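Let's take a friendly look at how side chains pack together inside a protein. Have the sequence and the 3D view ready as you read.

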Amino acid sequence: MKKLIALLISIVLIFSLAACSKTGGDDKDGPSGGDVEVTGIGTTAKITITEDKQGTGTMLNDAKLPSFSVDGESAAIDAINARIESEVVAFCNEAAAEPLQYAVADTAEVNTDRYLCAVVFYGRPLSVGMDHDTVASYVYDKATDSEVSIDDAFKIAGYDASSFDSLIKTLFNQKGLGDKLLESKVVGFNFLQNGMPEFFVSIRYDTGFDEIIELIKINPDTKSFDQTSYAQFVA
C-alpha cells in the first residue's frame, strides 16, 4: 500500500499548549489538577532544550530535545531523563546513523504552577511508512516530586482509558471528519494553566474516499476536539 506522508510540526500548535486560565479540580487519591503549594525540590525544576545536529553527510538531524533538572537528587527526574534518552534521543541517534536519513524533533514546554511538561513531536521526514505516533510527553509534578503518567492524567480529568475512548468517539462523530473512526490511540498529554490535562490522540478514519491518520488534541474539560497540522494520508 502506497503511503504519502506529511509531517508538519506547527508553531501554532506549540504556542497553543499553554493557553488556558480556568481553575481545575481536585483528586485526593493521586496527582491533582487543583491548587497545591509547591515547596522543596520541586521549586527548582526546569527544562533545558538542546539542539541535535548530528548525521551523515548533508543529512543532519534538526532536533530540539528536552532535559529535566532540579537542584538536588530526584529519582523522578532521573527516570524522566532516562525515558527521554531511550525514546526520543535513541530515535534521533538511529536516524543519524543511517545514510540519506535524518530526524526532526521539536519540544513544546509548558510550565504551570504545579506541573512541568515537555511534549516532543518527532519523526523521519524521508521515511516511507513512518510510524505516525510521533509524540512523546514527559510531565513532572513539582508538588510531589514525581512523574505523572497518562493514567494519572486520565484520573485528574475524571476518566479512565475506556471512558476516554468513548469520549473520543463521541467528539469525532460531532466533528464530522469522516464516515467511520477506525482506530484511536492516546500518544501524549500536557497540562494547561488551569491545572487540567489536554491529550494528544492519533486517530485513523475513513472519509469514504481515503483513510487518514491524524494527530488531534482533546481537552476533556471543555470537550474540545482540535485538529493539528500532522497527517498521514493512506492511499
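Leaving aside its neighbours within four places in sequence, which residues is F164 in contact with? Keep in mind that this is a predicted model.

## Meet F164

Setting aside residues within four places in sequence, F164 is in contact with F154, Y159, V186, F199, V201, I218 and P220. Try finding each of these in the 3D view.

F164 also belongs to the largest nonpolar core, which has 29 residues. Along with F199, V201, I203 and I218, F164 touches the most other members of that core.

## Who builds the cores?

Several elements each supply at least two residues of the largest core: strand 7 (115-123), helix 3 (150-157), helix 4 (161-175), strand 10 (180-191), strand 11 (197-206) and strand 12 (211-219). Helix 4 gives the most, with five residues.

There is a second, separate core of 24 residues, and among its members are A63, V88, L116 and A136.

## Rings in company

How many aromatic pairs does the structure hold? There are 10 of them. In one, the ring centres of F154 and F164 are 5.1 Å apart and the planes meet at 40°, so this pair counts as tilted. The pair links distant parts of the chain, with F154 in helix 3 and F164 in helix 4, 10 residues apart. Are these two buried or exposed? Both F154 and F164 are buried.

These two rings also have company: Y115, F154, Y159, F164, F189, F191 and F199 form one aromatic cluster.

## A charge over a ring

One more ring to look for is that of F91: the charged end of R124 sits over it, 5.5 Å from the ring's centre.

Note on methods:
Residues numbered from 1 in each chain as written. Predicted model: local features only at pLDDT ≥ 70, side-chain atom pairs only at ≥ 80, totals over all residues. Heavy atoms only, no water. Core = buried A, V, L, I, M, F, W, Y, C linked by side-chain atoms within 4.5 Å. Buried < 20%, exposed > 50% of the residue type's maximum accessible area, 1.4 Å probe, protein only. Helix = DSSP H or I, 4+ residues; strand = E, 2+ residues; numbered from the N terminus. Contact = heavy atoms within 4.5 Å. Phe/Tyr/Trp six-rings, centres within 6.5 Å; stacked < 30°, edge-to-face > 60°. Lys NZ or Arg CZ within 6 Å of the ring centre and 35° of its normal.
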